[in-house]
Amino acid sequence: MSQEIHTPITAEEIGHEFEGHAPTANVADYAVEDWITLIVFWLMAGCVFLQFFTRYVLNDSYAWTEEIAINCLIGVVFLGAVMCVRTSRHIQVDVFYHYMPAGLARVLATFVDIVRIGFFAYGCYLMWRYVDIVADEQMVTIELPRNIVFYSVLVAFVLMLIRAVIVFIANMRRGYSVLERPEEFQSVEG
């Protein structure tokens, strides 16, 4: 068992480690749903701040801020999942693909893409049915229909389905997916 050797470093040397240039953001890397998710996120953050301010500073909290923040969180989660589908960033196990023959890995990765498309299609169907069932419900603390939230989840599932199909087509054209060659999908940071 080898012993780790730690080289002493000064505070000034540590400070110089943070002088590197931050990578520049490219607006073209983002899609419409990313910007909508960002807007919903800041709406949620505003509601949480307003809840905190009215509760602890004014000692008279607005009850509606919590419900709106929770509904915004639902939107952020599902719309954020669209971005994960588009960029192939969902949790996945790719270690098995390194130990299997390339042909088998390609077949299995294609199967995974098809199952993902089927899952999102079924999610669209279930959300459509659910929205129909709860169409007349109102939010508890504010007079808005609850189906606003459920329609956003339905839209997110439709977008995930579309993005999954686009990823599937790209994988077929490329001849490999992120499961088979994850190193090809790593972003280069400056």
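This text walks through a predicted model, from its helices to its charged pairs, core, cysteines and a few single residues.

Start with the record. An unreviewed UniProt entry annotates residues 35-56, 68-86, 107-128 and 148-171 as "transmembrane region". Such annotations may be inferred rather than shown by experiment. What does the chain look like over residues 35-56? The model is 100% helix and 0% strand there, and the end C-alpha atoms are 31 Å apart. Residues 148-171 are also modelled as 100% helix and 0% strand. Their end C-alpha atoms lie 34 Å apart.

Helix α5 covers residues 147-174. At 1.5 Å a residue, its 28 residues should span 40 Å. The end C-alpha atoms of α5 are 40 Å apart, so the expected span and the model agree. After α5 comes Gly-175, with a positive phi near 95°.

Now the charged side chains. Side chains of opposite charge can pair when their charged atoms come close. How many salt bridges does a search of the whole structure find? It finds five. One of them joins Arg-86 to Glu-33, with the closest N and O atoms 3.3 Å apart. Arg-86 sits in helix α3 and Glu-33 in helix α2 (residues 32-57), so this pair ties together parts that are 53 residues apart in sequence. Arg-163 also forms a salt bridge with Glu-33, and here the closest N and O atoms are 3.0 Å apart. That pair links distant parts of the chain, because Arg-163 lies in α5 and Glu-33 in α2, 130 residues apart. Glu-33 itself is buried, with a relative accessible area of 4%.

Asp-34 adds another link. Its salt bridge is with Arg-86, the closest N and O atoms being 2.8 Å apart. Asp-34 is in α2 and Arg-86 in α3, 52 residues apart, and the pair again links distant parts of the chain. Is Asp-34 buried or exposed? At 9% relative accessibility, Asp-34 counts as buried. Put the pairs together and Glu-33, Asp-34, Arg-86 and Arg-163 form a linked network of salt bridges.

Next, the nonpolar side. The largest nonpolar core has 18 residues. Phe-120, Met-127, Phe-157 and Met-160 touch the most other members. Which elements give two or more residues to this core? They are α3, α4 (102-133) and α5. The most comes from α5, with eight residues.

Turn to the cysteines. A disulfide is a covalent bond between the sulfur atoms of two cysteines. The structure holds zero disulfides. Why does Cys-72 not form one? The closest cysteine sulfur, in Cys-47, is 5.4 Å from the sulfur of Cys-72, which is too far for a bond. The cut-off for a disulfide is a sulfur pair within 2.5 Å. Cys-72 is buried, with a relative accessible area of 8%. For Cys-84, the closest cysteine sulfur is in Cys-124, 17 Å away, so that pair is too far for a bond as well. Cys-84 is partly exposed, at a relative accessible area of 25%.

Three single residues complete the tour. The first stop is Gly-80, in helix α3 (residues 64-86). Gly-80 counts as buried because its relative accessibility is 15%, and the limit for buried is under 20%. Beyond residues up to four places away in sequence, Gly-80 touches Thr-37 and Gly-75. Gly-80 and Asn-171 are 91 residues apart in sequence and 22 Å apart in space, C-alpha to C-alpha.

Asn-171 appears again at the next stop. It is one of the residues that Ser-177 touches, along with Arg-106, Ala-109 and Phe-185, again not counting residues up to four places away in sequence. Ser-177 lies in the segment after α5. At 2% relative accessibility, Ser-177 counts as buried.

The last stop is Thr-141, in the loop between α4 and α5. Thr-141 is partly exposed, with a relative accessible area of 38%. Which residues is Thr-141 in contact with, leaving aside neighbours within four places in sequence? They are Ala-63, Trp-64 and Glu-67. From Thr-141 to Cys-72 the distance is 15 Å, C-alpha to C-alpha, and the two are 69 residues apart in sequence.

Methods:
Residues numbered from 1 in each chain as written. Predicted model: local features only at pLDDT ≥ 70, side-chain atom pairs only at ≥ 80, totals over all residues. Heavy atoms only, no water. Helix = DSSP H or I, 4+ residues; strand = E, 2+ residues; numbered from the N terminus. Buried < 20%, exposed > 50% of the residue type's maximum accessible area, 1.4 Å probe, protein only. Contact = heavy atoms within 4.5 Å. Salt bridge = Lys/Arg side-chain N within 4 Å of Asp/Glu carboxyl O. Expected span 1.5 Å × (residues − 1). Core = buried A, V, L, I, M, F, W, Y, C linked by side-chain atoms within 4.5 Å.
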